[in-house]
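Below are my notes on the model, set out as numbered points. They begin with one question and then go through the fold element by element.

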Amino acid sequence: MLNDAKDLQAVYIVCGYTDLRKGIDSLLNIISQTYGMDPFQPGTLFMFCGRKTDRIKALIWEGDGFLLCYKRLEQKASKFQWPRSQEEVCKLTSQQFRWLMEGLTIKPKKCIQKINHPRFV
């Protein structure tokens, strides 16, 4: 489920560290009270990462209740490249979500920039 976000309306990650011992109610409080967001948005995934970057929790409203997902990577060297510099919620594009799930950073260091083709006179 977490590797494919094509059916999701939005994906948000809580940057920084989250205590993954927290359950649904505590994670809901982070979303609603700390960031002022509505966790009851259908098709919206909220993701959290603890100090160990090999595991994440995700929370999604399914219309009749919340689904709490937990993912742990099994290879010793595998880690999620989770943004740690800011204590905020970051909305991801579908491309950024794929990068994150593949162990890549969501902000590439260098991108190929498009240029306008110069007109020939």
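Which residues do ring pairs link into a cluster?

1. The cluster consists of Phe40, Trp61 and Phe66, linked by ring pairs. The model is a predicted one, and a search of the whole structure finds four aromatic pairs. In one of them, phenylalanine 40 and tryptophan 61 meet edge-to-face, with 4.9 Å centre to centre and 70 degrees between the planes. Phenylalanine 40 belongs to the loop between helix H1 (24-34) and S2, while tryptophan 61 belongs to strand S3, so the pair ties together parts that are 21 residues apart in sequence.

2. The two rings of that pair are not equally covered: phenylalanine 40 is partly exposed, at a relative accessible area of 43%, whereas tryptophan 61 is buried, at 18%. The value for tryptophan 61 counts as buried because the cut-off is under 20% relative accessible area.

3. On the overall fold: the protein has two helices and five strands, and along the sequence they follow the pattern β-α-β-β-β-β-α. Of its 121 residues, 38% count as buried. Taking contacts between residues at least 6 apart in sequence, 60% join residues at least 24 apart.

4. The five strands make an open sheet in the order S4-S3-S2-S1-S5, with mixed pairing. S4 and S5 are the edge strands, each pairing on one side only. Direction ignored, neighbouring strands of this sheet are turned by 25 degrees against each other on average.

5. How are the helices placed on this framework? H1 packs on the sheet and touches S2, S3 and S4, its direction making about 80 degrees with that of S3. H2 lies across S1, S2, S3 and S5 and runs at about 105 degrees to S5.

6. Strand S3 deserves a separate look. Is S3 largely enclosed or largely open? Seven of the seven residues of S3 (residues 55-61) are buried, so the strand is largely enclosed by the rest of the structure. Both faces are covered: one side carries Arg55, Lys57, Leu59 and Trp61, the other Ile56, Ala58 and Ile60, and all of these are buried. Arg55 and Lys57 are thus listed among the buried residues of S3.

7. S3 has a partner on each side. With strand S2 (residues 44-49), S3 pairs in the antiparallel sense over five bridges. Within that pairing, methionine 47 stands opposite alanine 58, and phenylalanine 46 has leucine 59 as its bridge partner. With strand S4 (residues 66-72), S3 is joined by seven bridges, again antiparallel. Here leucine 59 has leucine 68 as its bridge partner.

8. Both connections are hairpins. Five residues lie in the hairpin that joins S2 to S3. The hairpin of S3 and S4 has four residues between the strands, and glycine 63 in its turn has a positive phi of about 95 degrees.

9. Threonine 53 sits in the loop between S2 and S3. Is threonine 53 buried or exposed? Threonine 53 is buried, with a relative accessible area of 14%; the cut-off for buried is under 20%, so this value falls below it. Apart from neighbours within four places in sequence, threonine 53 is in contact with Lys79, Phe80 and Arg84.

10. What does the interior consist of? The largest nonpolar core has 19 residues, and Ile13, Leu45, Met47, Trp82, Leu92 and Leu100 are those with the most contacts inside it. The elements giving two or more residues to this core are strand S1 (10-14), S2, S3, strand S5 (89-92) and helix H2 (94-101). Another core, of 13 residues, lies apart from it, with Val14, Leu20, Phe46 and Phe48 among its members. In soluble globular proteins, nonpolar side chains tend to be buried together.

11. One further ring contact involves a charge: arginine 51 lies over the face of tyrosine 17, at 4.2 Å from the ring centre.

Conventions: Residues are numbered from 1 along each chain as its sequence is written. Side-chain values use heavy atoms; hydrogens and water are left out. Buried means under 20% relative accessible area, exposed over 50%, partly exposed in between (1.4 Å probe, protein chains only). Two strands pair if DSSP finds at least two bridges between them. A nonpolar core is a set of buried Ala, Val, Leu, Ile, Met, Phe, Trp, Tyr and Cys residues joined through side-chain atoms within 4.5 Å. Contact means heavy atoms within 4.5 Å. Rings of Phe, Tyr and Trp (its six-membered ring) pair if their centres lie within 6.5 Å; planes under 30 degrees apart count as stacked, over 60 as edge-to-face and the rest as tilted. A charge sits over a ring if NZ of Lys or CZ of Arg is within 6 Å of the ring centre and within 35 degrees of the ring normal. Axes are lines fitted to C-alpha atoms, for helices over the stretch in contact, and angles run from 0 to 180 degrees between N-to-C directions.
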